[in-house]
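Here's a quick tour of a structure, one topic at a time. Take a look before reading on.

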2 protein chains.
Amino acid sequence: MAAIRTARDRARAELTREIKGEARRQLGEVGANGLSLRAVARELGMVSSALYRYFPSRDHLLTELIVDAYNAIGEAAENADPGPGTAPRRRWLDIWRAVRGWARQHPHEYALIYGSPVPGYRAPEDTIAPAARVATALLRVAGSGPLTPAHPGPPLPPELEEQASRLAAGLGADHSAADMARLLITWTQLFGAIGFELFGQYVNVVEPADAFFDYLAASMADLVGLPDDGTD
Amino acid sequence: MAAIRTARDRARAELTREIKGEARRQLGEVGANGLSLRAVARELGMVSSALYRYFPSRDHLLTELIVDAYNAIGEAAENADPGPGTAPRRRWLDIWRAVRGWARQHPHEYALIYGSPVPGYRAPEDTIAPAARVATALLRVAGSGPLTPAHPGPPLPPELEEQASRLAAGLGADHSAADMARLLITWTQLFGAIGFELFGQYVNVVEPADAFFDYLAASMADLVGLPDDGTD
DNA sequence: GGACTGTCAAGAGCAGTGCTCTCGAATTTG
DNA sequence: CAAATTCGAGAGCACTGCTCTTGACAGTCC
């Protein structure tokens, strides 16, 4: 990566940051659908066409915000992990809570990455690595010791056995296919629950969802077989 | 409800149906964001302003489509249930598959009801009863016999205990709070998994998700404690 | 039967959108 | 210093949801 040289480059980098910042601010207020390039430009005192010197289209700007959001929620998860010195269930719960906390603080950004995709929008390559950070953090905890699920669970269909093995290998994790499948369940559960809470499905059901969420995190720790350490 | 009387009323009812039909068709093609009143009117050979005689705003039209979608997925779940004469795990799996099947056939409608809500849009009262139909169908299966979870699971926080009891009472179900909490987990899991599949999170993970989904349904049947009957 | 009333589709128009193109000015480069 | 590049501004296109007015029609009351 070349260092910033000329004054023009410097101004360009700064303006790019400002545009993204203002866009993120508006995203938090009006959501992805309501994000308007003209409004961003207006707020920055420029004209809309000038924005196209920095982002070739609205989708490109959105993509950058998506990558940022994946990184932010992933970083929240990583920072919440107290590390290998701590009991696994404690780490697990801390990460779950941090992910939920970030989502509740940034509902529109969460919707951007885990809600229904913007129609016609296809996630580019840049997003897949940042998107994996939360899952990786959870996987780290699960891989820190032996998994001892209380219940063997249903048998794995051959197709799933193969997918789970390949996935574990691809991630460099030495979990069995059954362990991996159980981890996939908990991964789905984490974001399913946050989505339900944020998108209003828990209204009149389990709202506020704080207690249910903790219970859910503990249940999923049971399911993957994190060793009991008195955290709950 | 008064019967349709005059020719004018008849024409009005028919046009209302036609508008909704065309809107649903376009929804399936371009998604909720892309749904344009002008395009609907154009396709119907009328002018956009005429639509406002039938639906006071775009949001009102969307709301009707949302109610329809909730009813459609609920009906799919209900129709898939072979009924009390069949083994509970069989019924459970059939319902899960039907819900997923409907979602895959109508991804945009699914996104409309279980994706991120359209910004600034607040679900009106009319949607809550239809929205409960899938959950009710699953609850019926769980209530058809004794639940015997293999694993007691973590203790319920007092707040959740109270919420779950109130929820069971409100639904006229005689499940314990712990059973109810476990059912909530599976309910979340069902829609979490479908959302992940539809919105692309399972790409390069467990795609195709058929095997994983069946495994997931069985795991959740285990979790709620549906009696084993050799279905898996 | 004729007048009245409410309903209807159509059209023009407003304020907003994403995006493209051109033009003159500023800045960097050779 | 001159050439090349980059920049912001502005006009303009095709589109959106929505409002208001206009003129035609149907149903109803006298």
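**Where the chains meet**

In this predicted model, 45 residues of chain B are in contact with 45 residues of chain A (contact means that C-beta atoms, placed from the backbone, lie within 7 Å). Residues are numbered from 1 along each chain as its sequence is written, while chains are lettered from A and ligands numbered from 1 in the order in which they are written. Since the model is predicted, local features need pLDDT of at least 70 and side-chain atom pairs count only at pLDDT 80 or more, but totals for chains, interfaces and linings use all residues.

**Chain B's side of the interface**

- Helix 1 (7-34), helix 9 (158-170), helix 10 (177-198) and helix 11 (210-224) of chain B each chip in at least two residues to the side touching chain A (helices are DSSP runs of H or I, at least four residues, numbered from the N terminus).
- Helix 10 of chain B gives the most to that side, with ten residues.
- Sorted by type, the residues on this side of chain B are 27 nonpolar, 14 polar and four charged (Ala, Val, Leu, Ile, Met, Phe, Trp, Tyr, Cys and Pro count as nonpolar, Asp, Glu, Lys and Arg as charged, and the others, Gly among them, as polar).

**Two helices crossing**

- In chain B, the axes of helix 4 (residues 58-80) and helix 6 (residues 107-114) come within 9 Å and cross at roughly 105° (axes are lines fitted to C-alpha atoms over the stretch in contact, and angles run from 0 to 180 degrees between N-to-C directions).
- Helix 4 and helix 6 of chain B are therefore roughly perpendicular (65 to 115 degrees).
- B:Leu65, B:Ile66, B:Ala69 and B:Tyr70 in helix 4 meet B:Glu109, B:Leu112 and B:Ile113 in helix 6.

Technical notes. Contact = placed C-beta atoms within 7 Å. Parallel < 35°, antiparallel > 145°, perpendicular 65-115°, else oblique.
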